[in-house]
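This report covers a two-chain model. It takes a few individual residues, then the contact between the chains, then one chain as a whole.

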Amino acid sequence: MTDRPILPLASQEDTPGIPRGRYGVPGLAKHILGTTGFWMGLVILALIAIFSAFTPDHAFFQLSNFQDMALDVTETMVLALGMTFILGAGELDLSIGANLLLSSVLAGQTIVHLAGNTAQVASGAYPHEGPAIAVGTVVGIVSGMVFGAVNGILVTMLRISSFIVTLGTMGIGLGISYVVSNGVNVAYIPLDLQLNFGVNRLGNLIPLPTLVVLTIAAVLWYVLFATRFGLRTLAIGSSREASVRAGIHTRRHVFILFVLMGAMAGVDGMLDLARFGTTNIGGHQTDALGAIAATVIGGTSLFGGVASIGGAMIGSLLPTVLGTGLVILGVATFYQLIVVGIILIIAVYIDQRRRNRLN
Amino acid sequence: MKTRSLISQLLAPAMGLILVTGAVPQAMHAQARSAAVSSINVAFVIDDGADPFYLTMKCGAFAAAKASTVNLTWQGPAAIDFQPELQTLNAVMQRHPQGLVLAPFDPNAFIQPVKQAMKAGIPVVTVDGSLSAKVEVQNIRTNNIAAGKLAADALAKAIGGQGKVLIVALSPGVVANTERATGFANEIKAKYPKISLLPIQFPGGDSNKASQDVSAAIQAHSDLKGVYTTYAIASNAAASAILAAGKRGQIKLVAYDADPNEVRQLKSGTFDALVVQNPYQEGFDSVTLVAKLVRHQISAGAVKYQAYPTSYIATRENINAPWLQKYLYKVSC
């Protein structure tokens with residue numbers, strides 16, 4: 001019974017974004033060309049070409065710049081990957097910035113407490129650095145998952161809209177972060193974490209955090225595209241009622257999605273700690289909106305049912321490419337916000353038109 | 001396909017937008033060129049770019065750029081968040097400036113990029129904030145402890161040496177800000193035993209929260225005599241709270257920073273004294289020093305690490321004095 005496809009076979013050709021089984025190369029090409037993510041990818045390539053041509057000395061087109069941008073994009077991309085599943089199921093999670101912050105604070109404090117006693121740490125000596133960082137990483141990711149589980153329980157058990165729930169847990173998470181940290185960034189994070197991981201590169205080429213996010217993206221792409229779990233996520237987003245009638249355990253599924261999102265926020269908390277060597281109590285205000293914008297720009301639908309991992313990755317790139325290019329051109333960073341907002345609206349508009357045309 | 005042509009139609013205006021906005025920044029570069037001295041490229045990266053403090057610093061920086069024949073690039077997000085500032089710094093460094101002035105909004109996150117720049121032979125001077133490791137050539141910032149002392153003396157004088165006083169600071173993690181509170185508190189405890197300090201409030205960058213905190217203190221302590229605010233957002237919020245409570249003139253207000261709104265309110269009686277930091281001098285001195293370092297007119301080893309520009313106290317008595325006008329903050333030069 002549970003192996004019967006959720007959607008009738010006839011409509012699978014015409015609904016891009018719903019994962020199908022195998023199909024031949026022409027079908028694959030047609031599928032890709034039909035996605036918003038592909039066209040946004042073209043826009044980004046066009047931007048890269050323009051910036052490379054017009055920045056003085058072609059300063060945009062330097063390896064160091066691409067490496068910096070790859071690092072810049074990492075945190076948003078991790079969140080956008082998790083958000084793809086959340087939006088695909090027709091839910092929303094506004095609390096990811098607070099979740100990230102709390103994870104980084106808890107992980108940071110764990111590391112500082114375990115790496116040595118107070119005097120040693122203050123003087124920069126970390127006798128138990130390795131195990132401390134390992135335990136800190138686990139603490140950070142588990143904290144993220146617990147936060148996500150709380151979201152999941154509130155959404156599925158109390159049946160409150162995820163918008164409201166995560167708006168509330170965002171405030172709670174921020175408050176807890178301030179209480180735990182006393183409003184101060186965690187001090188004395190071992191610099192090795194930053195030097196050997198956060199700003200380090202594989203073969204002096206690819207930043208290590210970027211490798212982490214690419215690995216996560218590959219795994220999540222497979223889950224979304226080729227497993228029943230992914231298919232069910234989109235089914236739940238397409239039609240909650242039909243999914244329930246088809247026998248999907250929607251509440252358990254949505255709960256797992258929020259835990260997954262929380263895990264992504266936890267991973268991001270560690271990446272944040274590693275990149276900057278400190279927590280960022282005053283920041284992360286717009287992380288959730290940035291992740292949602294990236295996911296939507298990439299072609300995931302705000303209303304559920306259509307999702308794209310590749311699109312989420314491309315959507316994350318857009319603000320970074322734009323912002324970096326504008327700064328190198330010498331334009332004030334204020335313009336970046338305007339242009340990203342315009343492109344977000346354009347992306348949703350294209351998506352709407354494409355889906356209207358297909359119906 | 002309609003969608004394809006739609007995109008190509010949108011690409012053209014998008015390209016146009018970018019090219020046009022690319023033409024704008026030419027105005028932001030100082031163009032002074034003298035026949036003998038060739039121009040050098042210096043980048044100045046700040047955060048909180050809309051704040052009159054930094055706009056005044058910009059005036060000083062561009063004045064120095066003109067005087068020292070420097071092609072100055074001024075960049076920084078409007079947000080008070082070091083993450084976009086770090087991204088901006090990375091992007092600015094792609095242009096390979098010969099010198100860098102940075103206002104670091106976190107004492108740790110910028111150590112790596114500054115170290116890298118110094119290693120690459122790019123002299124770095126930091127202003128306003130400070131780094132927790134002394135990796136740059138010089139740090140120029142207000143002596144906040146000394147300025148806090150000046151503020152304490154001014155407020156004590158205004159309230160007649162006794163009563164309850166509230167300190168409003170930004171957040172415990174921002175060292176440059178907490179020093180303002182510490183300098184103030186230490187002076188009060190040392191010289192004014194009859195003044196009692198309420199617990200410090202840390203409302204952060206939220207003006208609503210700051211206003212609420214001051215209102216709450218006014219409600220809780222009917223004998224509150226003075227408020228000392230250490231940053232502009234809180235200063236304006238405290239003024240608004242005191243006005244709303246109808247206690248203007250009864251509760252004396254001393255504020256850090258002299259942006260145009262605060263100056264106006266000093267004259268009208270809402271503020272009783274303002275600490276005038278010297279962002280103009282910070283901008284001017286930093287660019288001048290970096291220019292000298294790039295041209296090898298001074299060696300980095302000969303430069304003293306810590307420099308403090310002079311701070312002033314503005315009161316209703318001296319607010320119109322001609323010498324003070326240059327230091328009051330402006331939104332444009």
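A residue is buried if 20 or more other C-beta atoms lie within 10 Å of its own, exposed if 12 or fewer, and partly exposed in between, with C-beta atoms placed from the backbone. By that rule A:H58 is partly exposed, because it has 13 C-beta neighbours inside 10 Å.

The model is predicted: local features need pLDDT of at least 70, side-chain atom pairs count only at pLDDT 80 or more, and totals for chains, interfaces and linings use all residues. Residues are numbered from 1 along each chain as its sequence is written, while chains are lettered from A and ligands numbered from 1 in the order in which they are written.

**Loop residues**

Helices (H or I, at least four residues) and strands (E, at least two) are DSSP runs, numbered from the N terminus. Three loop residues are listed here.

| Residue | Loop between | C-beta neighbours inside 10 Å |
|---|---|---|
| A:H58 | α2 (36–54) and α3 (63–88) of chain A | 13 |
| B:H96 | α3 (82–93) and β3 (99–102) of chain B | 15 |
| B:N320 | β12 (312–314) and α11 (322–325) of chain B | 10 |

Most residues other than glycine have a negative phi. A:H58 has a positive phi, near 50°. B:H96 is not a glycine either, and its phi is positive at about 50°. B:H96 counts as partly exposed.

B:N320 counts as exposed. Its C-alpha atom is separated by 9.2 Å from that of B:K267, 53 residues apart along the chain.

**Contact between the chains**

Two residues are in contact if their C-beta atoms, placed from the backbone, lie within 7 Å. Chain A brings 38 residues to the contact and chain B brings 36. On the side of chain A that touches chain B, α2, α3, α14 (309–329) and α15 (334–358) each supply at least two residues. The largest share there is six residues, from α15(A).

That side of chain A divides into 18 nonpolar, 16 polar and four charged residues. Ala, Val, Leu, Ile, Met, Phe, Trp, Tyr, Cys and Pro count as nonpolar, Asp, Glu, Lys and Arg as charged, and the others, Gly among them, as polar.

**Chain A overall**

Chain A has 15 helices and two strands. Its radius of gyration is 21 Å, close to the 21 Å that the globule rule gives for 359 residues, so chain A is as compact as a globular protein of that length. The radius is taken over C-alpha atoms, and the rule is 2.2 Å times the number of residues to the power 0.38.

The C-alpha trace of chain A spans about 70 × 55 × 35 Å along its principal axes. Of the 359 residues in chain A, 53% are buried. Among contacts in chain A with a separation of 6 or more, 78% join residues 24 or more positions apart.
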